[in-house]
Structure formats: C-alpha cells, structure tokens
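This report describes selected features of the structure shown below, with each term defined where it is used.

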Amino acid sequence: MSKQIDIKDLNIYYGDFQAVEGVEMQIKPRSVTAFIGPSGCGKSTVLRTLNRMHEVIPGASVRGEVLMDGSDIYGAGVDPVNVRREVGMVFQRANPFPTMSIKENVLAGVRLNNKRLSKAEADDLTERALRGANLWNEVKDRLNLPGSGLSGGQQQRLCIARAIAVEPEVLLMDEPCSALDPISTLAIEDLINDLKDKYTVVIVTHNMQQAARVSDKTAFFNIAGTGKPGKLIEFNDTSVIFSNPEKEETENYISGRFG
Amino acid sequence: MPTSTQTTATGPAAGAPGPALGPDVHGTKPKAVIRPGDRIFSAATLIAGILILAILAGVALFLLAQSKETIDAQISDPSAITGGSGFFAYVWPLVIGTLVSSAIALVVATPFALGIALFTTHMAPRRLAPALGYVIDLLAAIPSVVYGLWGIALAGNLTGFYIWLAKWFGWIPIFAPGADGSVSNTGRTLLTASLVLSIMILPIITSLTREIFLQTPRLQEEAALALGATRWEMIRMSVLPFGKSGIASATMLGLGRALGETMAVAMILSPGMLTASLLVSGNQTIASEIAQNFPEAAGLRLSELISIGLVLFVITLLVNMAARAIVAKTSVKGS
C-alpha cells in the first residue's frame with residue numbers, strides 16, 4: 001500500500017526556463033517528508049512532478065527519473081492518468097466538486113476507476129475514507145448535502161478523504177494548511193500523523209514549525225536568485241535539519257537569517 | 001489618492017459634506033461624502049437602464065396600438081381576417097412553424113457548439129485554438145442575406161438526402177413524404193431553413209460557452225486530474241457542471257436569435273400550409289411571414305402582420321424569462 005520514491009537527477013522546465021536543477025532524493029515508504037524553502041524555490045514544482053501534475057501546465061517538461069518502487073513514472077508508455085490514480089494529491093486550497101454531495105465527492109475518484117460499487121460497498125467506503133480523514137463524526141448526518149457547505153478545514157479534510165478513498169500508494173500535500181485557521185491546521189496535522197501508517201506522505205509547507213511537528217525527513221530547497229533554478233540544498237532527518245543542519249544555508253533559513 | 005482629493009476640491013457641488021472626522025456631538029448621523037464623479041456615473045447608468053425599459057415598453061405599446069384594428073376585427077367579424085376563420089386560426093400555424101424551426105436549429109446547433117467550444121478550450125493544440133475561435137466568430141459576421149443565398153444553393157443539394165430520409169424514415173410523421181409519395185423537389189422546406197438557422201446560431205452559442213469553459217477554476221480541473229481523471233472525465237466532472245448555467249443561457253440566446261431570424265428563412269422557405277412533414281414544401285415562420293407580406297400590406301392586413309409581430313415579441317419574452325429561471329436554478333455556488 002505504500003511505495004518508495006527515488007528521485008534521480010531531476011530537472012524541471014517551464015518552456016526554456018529551468019525551474020529546478022539536479023534533485024536527488026530517496027523517500028521511504030510509510031514516512032512523512034516535508035519540503036521547505038522560500039517562495040519560488042521549486043518545492044511545489046518538485047511535488048507536482050511526483051504525480052505528473054506538473055505537465056498539466058502548458059510548456060512544462062521534465063528530465064530525469066522518478067522511480068516508484070523501482071519503475072520510472074516518466075518511462076516510455078507510462079500513462080499519467082494511471083500514475084495519478086496511484087499518487088493522491090491535496091491542494092493548497094480545498095477544492096471539493098461544488099455540484100457534488102459530500103458522499104459523491106468522496107467516491108469521485110473511485111467512480112473514475114470504472115469500478116461498479118454496490119450501495120453497501122459505497123456506504124462502507126465513504127465511511128472508511130471519512131473516518132480516515134477524521135471527518136466522519138462531523139458529517140455523518142449530512143452526507144447528501146453539498147461539500148461546499150462545509151467549513152474550510154472540513155473541506156480540506158473532505159479533499160483528503162477523496163484522495164485516500166482510492167487507496168493511493170503515495171499522498172502529496174501542497175501547503176494543505178496555508179488557508180486554514182490554527183485549530184483546523186492541528187486537525188490536519190494529527191491526520192497526517194495517522195496517515196503515515198499507511199501511506200508515503202510528502203508535504204510542502206511554508207510553516208517550519210509544521211515541518212518540525214509532522215515530518216520524519218525534511219528537504220530544504222533554495223534558489224540563488226530570480227531567474228536561477230531552484231536546488232535541493234539539504235535532505236536529512238527532520239531532527240537534524242532543525243537542530244544541527246550540515247549546510248550553513250539551511251541554518252540561516254531555519255533560524256530566520258536569509259541570504 | 002490624488003484623484004479623489006482633486007474631485008472634492010474642484011467640486012463644490014459635492015452635496016453637503018458631513019463632518020469629516022470624529023463623532024457628531026448633536027447625535028445626527030453624519031452624511032456620507034458624495035463625489036461628483038460617482039453622481040455622474042450613477043446618473044448615467046440609471047439613464048441607460050431606464051432607456052432600455054422605456055424602449056421595450058415603447059415597442060410593446062406600438063405593437064399593441066397597431067394591433068387594435070385586428071383585435072376589433074376579431075371581435076366584430078373574424079371572417080375578415082386572412083384565412084377567413086379568425087386571428088388564432090391564422091397565427092397558430094405560424095407559431096408552430098417558428099417554434100419547430102427554432103427547436104430543430106437548437107437541437108442541431110447545441111451539440112456542435114459545445115463540441116467546438118470544448119475542443120478550442122480544452123483539447124485543441126495551443127496554436128490552433130485561437131485561430132479556430134476566430135473563424136467561428138467570423139460566422140457571426142456573415143449577413144443573413146448571404147446565409148439565405150447559400151441556403152437556396154444548399155436546398156438543391158439536399159433533395160437526394162430528403163428522398164432517402166422519406167424512403168427509410170417516412171414512417172416518422174416529420175419525415176413523411178407528401179400525398180403523392182414525393183418530397184419537395186426544390187428542397188426549399190422547413191428542414192432546410194432550420195439547418196441554415198442552426199449554422200446561424202452556432203457562433204453565438206459557441207463563443208458564449210467558450211468563454212464560460214475558459215472560466216472553469218483551474219483548481220477544479222486539477223482536482224479531477226489529480227484523482228486520475230482522463231481529459232474527458234475531467235471535462236465531465238469539472239468543466240460541464242461549472243458551465244451548466246452558462247450553457248443554458250447561451251442556448252437560450254441562440255434560440256432567441258433563431259426565433260427572430262427573418263431574411264434567411266424568407267429566402268429559403270417556399271411557404272405554404274402547415275404540414276407535419278418537414279420534407280415537403282409548406283409551413284411558415286412569423287418573421288418570414290411578416291417580411292414577405294409587409295411591402296404590399298395595408299389596412300387590416302398591415303395590422304394583422306403587426307399583431308403576429310406582437311405574438312413573436314411575447315414568445316421571445318417568454319423564452320428569455322425561461323432562460324433567466326433556468327440560469328438562476330442551475331448556477332453553481334462556491335469556488
């Protein structure tokens with residue numbers, strides 16, 4: 001249920017502009033990895049290459065390898081649609097489908113996989129996914145109401161439920177708490193802690209305390225200046241990054257001294 | 001804010017400026033500052049809004065006043081009205097002809113329009129899409145006289161198809177051949193007119209729906225794609241639900257145009273009695289009936305034509321109200 005990700009010499013481009021250069025990383029299964037770094041350093045871009053969502057943007061391209069348990073997701077003949085069915089994603093702003101009910105939102109991904117669900121199976125899966133996202137108790141009485149009626153934090157957990165309902169191997173989160181209040185943020189952080197028992201979780205965050213709280217490993221990205229590609233500066237255990245980083249650049253960033 | 005201070009300085013007519021700062025000691029509410037720019041703007045928009053209503057009311061009043069003669073005739077001597085059996089017997093075949101031709105045009109044009117709009121917004125290669133959109137918009141710029149000429153040319157080429165339709169689908173009343181077993185040999189039937197209408201309303205539906213589809217929130221599209229949706233599934237999950245109300249209003253605008261289209265229908269259709277079959281000559285629409293008879297009409301005949309114009313006016317009004325109701329019902333709330 002959970003795969004290891006090996007990133008080898010990953011270079012990412014938007015048209016002719018190189019956004020990220022030479023990333024090497026190994027992400028272990030059943031762990032939480034946080035990507036931190038200043039704005040524009042390419043951490044979200046790297047995250048989006050892990051489920052081939054990067055290429056949705058016109059002109060975007062990738063060179064290098066991303067291996068999921070050894071097989072390259074950029075290999076010849078690999079269908080990005082299949083990659084995305086194995087690698088779930090949660091976005092910066094909650095994006096439940098506005099015309100669908102809470103239950104339909106949870107089941108949206110499963111229905112895409114052309115599975116025919118009996119009503120009992122559908123009910124069961126809805127409950128499991130919503131419990132997995134710590135949302136069941138709050139919404140169990142209104143499963144048929146629109147998902148857009150929930151609060152921001154609940155909507156984000158609904159999106160997590162939607163992502164885990166298809167039982168992905170990997171779960172990517174792109175600043176999932178940046179639009180949420182502290183209480184909702186705490187709820188999501190607790191959830192991330194539970195999720196790592198089953199999934200490989202990769203999270204991009206601007207909040208260094210959050211990275212320190214939720215992740216096992218942390219990757220620090222930085223950029224030399226505008227127009228230059230972002231680079232992976234340091235990748236290590238979270239405890240090492242936040243207490244005794246190897247690189248001075250990392251030390252400067254986490255202690256708030258930039259440049 | 002250099003502009004706002006300037007306008008207050010140059011505008012002594014800015015109304016009684018209330019106390020600018022601090023609480024009012026006398027307990028009366030301080031008046032809001034009104035700037036001349038805002039006043040002029042709100043007056044201009046108000047005039048524009050009232051003007052539209054006034055013109056609409058004027059048109060309705062004119063049609064009603066000019067119809068009076070027909071209404072009087074209907075009450076005193078119905079046999080004086082064209083056809084000899086009263087106004088309603090005269091107008092209802094025209095109403096049916098108008099509605100049928102517009103409905104066919106809509107049924108044919110809408111799927112094509114949606115397909116083209118989806119293709120240009122979500123499927124076409126980046127370089128091709130704008131060019132294609134431009135060509136579709138050009139269709140709207142072709143005068144309806146030209147469509148009429150083209151429709152006449154088209155009619156001759158459609159007869160073979162109509163014979164085939166009558167042979168195999170003649171058991172459906174709308175494709176039934178005439179009493180002598182043949183179809184119109186000029187092809188100038190209501191079906192031809194409807195097909196030309198469908199091409200005429202294609203650009204308006206296409207460009208409106210294209211604008212709607214372009215506004216689909218990127219986050220919604222990515223939500224579907226990240227779940228492993230194919231492009232078509234993404235369109236079905238994100239683009240179409242979001243555009244539903246827009247699609248409804250675009251088709252209603254297309255319908256409005258089809259209902260009122262005159263020139264092309266008047267040129268193509270060889271009019272006649274109301275018949276169920278679309279393959280034989282016959283049928284007539286309101287707009288084309290007016291255009292063909294107006295030049296020689298006088299007295300009661302003129303009033304009759306104006307009163308069927310009133311009927312058309314009411315039909316388009318109802319269509320627009322229905323469109324409003326649909327849009328209000330289906331519009332998506334939320335992101």
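A residue is called buried if 20 or more other C-beta atoms, placed from the backbone, lie within 10 Å of its own, exposed if 12 or fewer do, and partly exposed in between. The model is predicted, so local features need pLDDT of at least 70 and side-chain atom pairs count only at pLDDT 80 or more, whereas totals for chains, interfaces and linings use all residues. Residues are numbered from 1 along each chain as its sequence is written, and chains are lettered from A and ligands numbered from 1 in the order in which they are written.

Helices (H or I, at least four residues) and strands (E, at least two) are DSSP runs, numbered from the N terminus. In α11(B), the buried residues include B:S303, B:E304, B:L305, B:I306 and B:L312, and what covers the buried residues of this helix includes α2 (36–76), α3 (87–123), α8 (231–260) and α10 (286–293) of chain B.

The expected span of a helix is 1.5 Å times one less than its number of residues, and the table sets this beside the distance between the end C-alpha atoms.

| Helix | Residues | Expected span | Span between end C-alpha atoms |
|---|---|---|---|
| α11(B) | 31 residues | 45 Å | 45 Å |
| α8(B) | 30 residues | 44 Å | 38 Å |

α8(B) bends by about 55° at B:K244, the bend being the angle between axes fitted to the seven residues ending there and the seven starting there.

In chain A, strand β6 (residues 87–90) has A:V87 and A:M89 pointing one way and A:G88 and A:V90 the other way, all of them buried.

Note on methods
Contact = placed C-beta atoms within 7 Å.
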